[in-house]
Amino acid sequence: MIYWCVRDLDGVRVAMVVAFEGFRDEELFLPRGILERRGASVTVLSDRTGTAVGRLGGTCEVRDLIGTARAADYAAVVFVGGPGIRAYALRPDCLALAREAADGAKIVAAICAAGAILAHAGVLRGRRATCYPTEGEVLRKAGASYTGQALEVDKNVITADGPQASSRFGAAVADAVVRHRRSVPVRG
């Protein structure tokens, strides 16, 4: 089988937010791989720098902090799930980054339990969204139309329900960035 990939994201920067301990490995590595193969530069953010460790033992280097990141510097801000992300659901820096991305008409995405961050940030009000089933009520209370589907794309907001949707989620984020780039008028 031959795999090829269009590099339609050259020059695009994407931020991926992970829990420093307990991110879900597939939910970081599969979407990041898709984004990078398509040409995006991916920055992993967390609440501290160093080597972050996933639930399944995978590691990634974190060089940038959530609290110093600006959504304006990225085409998309992606929140990665896993058991560790639950402690981030009400963090002011995470909520501010999600709101800033949404207010700036950036692509805002969350997978698994990270959907609660978007819910608490007010980003999901009036939107179709999904997440890990344990967080479904959080989305409903925040005004989202929780669907329970594997993947939801509602304008610039993308949500997915868990690890099994990681590849589809990554492709959906990449496709949304491409569509968004084409719809933004060039100023000159």
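**Figure 1. Pairing of strands E8 and E12 in the predicted model.** In this predicted model, the residue of strand E12 that serves as bridge partner of Ala110 is Thr159. The two strands, E8 and E12 (residues 157-160), pair in the parallel sense, and four bridges hold this pairing. On its other pairing, strand E8 (residues 107-111) runs parallel to E7, again over four bridges, and there Ala110 is the bridge partner of Phe79. Between E7 and E8 the chain passes through helix H2 (residues 92-103), which gives a β-α-β crossover that is right-handed.

**Figure 2. The sheet as a whole, with its edges.** The sheet is open and is formed by seven strands, which follow one another in the order E6-E3-E1-E7-E8-E12-E11, with mixed pairing. Strand E6 (64-65) and strand E11 (151-154) stand at the edges, and because each has a single partner strand, one side of each is left without a neighbour in the sheet. Helix H1 packs on the sheet, where it touches E1, strand E3 (41-46) and E8, and the direction of H1 makes about 180 degrees with that of E1. Helix H2 also packs on the sheet, in contact with E1, E3, E7 and E8, and the direction of H2 makes about 145 degrees with that of E7.

**Figure 3. Strand E7 and its neighbour E1.** Strand E7 (residues 76-79) is covered on both faces, since Ala76 and Val78 on one side are buried, as are Val77 and Phe79 on the other. In a regular strand the side chains alternate between the two faces of the sheet. Strand E1 (residues 13-17) runs parallel to E7 and is joined to it by four bridges, and within this pairing Ala76 is the bridge partner of Val14.

**Figure 4. Thr43 within strand E3.** Thr43 is found in strand E3, and its relative accessible area of 11% makes it buried. Leaving aside residues up to four places away in sequence, Thr43 touches Arg13, Val14, Ala15, Met16, Asp64 and Tyr74.

**Figure 5. Helix H1 and the residue Gly39.** Helix H1 (residues 25-37) has 13 residues and reaches 18 Å from its first C-alpha to its last, close to the 18 Å expected at 1.5 Å a residue. Its buried residues are Asp25, Glu27, Leu28, Pro31, Gly33, Ile34 and Leu35. An α-helix has 3.6 residues a turn, so residues three or four places apart point the same way. H1 is followed by Gly39, whose phi is positive, near 110 degrees.

**Figure 6. The largest nonpolar core and Leu97.** The largest nonpolar core has 70 residues, and those with the most contacts inside it are Val14, Leu35, Phe79, Leu97, Leu118, Ile158 and Phe169. Helix H5 (residues 166-183) provides the largest share of this core, seven residues. When residues up to four places away in sequence are not counted, Leu97 touches Val17, Leu45, Ile66, Ala69, Arg70, Ala71, Val77 and Phe79.

**Figure 7. Two loop residues with positive phi.** Most residues other than glycine have a negative phi. Ala105, in the loop between H2 and E8, has a positive phi near 60 degrees, and this residue is partly exposed, with a relative accessible area of 41%. Cys112, which is not a glycine either, has a positive phi of about 65 degrees and is placed in the loop between E8 and helix H3 (115-120). Cys112 is buried, with a relative accessible area of 8%.

Terms used: Residues numbered from 1 in each chain as written. Predicted model: local features only at pLDDT ≥ 70, side-chain atom pairs only at ≥ 80, totals over all residues. Heavy atoms only, no water. Expected span 1.5 Å × (residues − 1). Buried < 20%, exposed > 50% of the residue type's maximum accessible area, 1.4 Å probe, protein only. Pairing = 2+ DSSP bridges. Right-handed = clockwise from strand over helix to strand, strands pointing away. Contact = heavy atoms within 4.5 Å. Axes fitted to C-alpha atoms, helices over the stretch in contact; angles between N-to-C directions. Core = buried A, V, L, I, M, F, W, Y, C linked by side-chain atoms within 4.5 Å.
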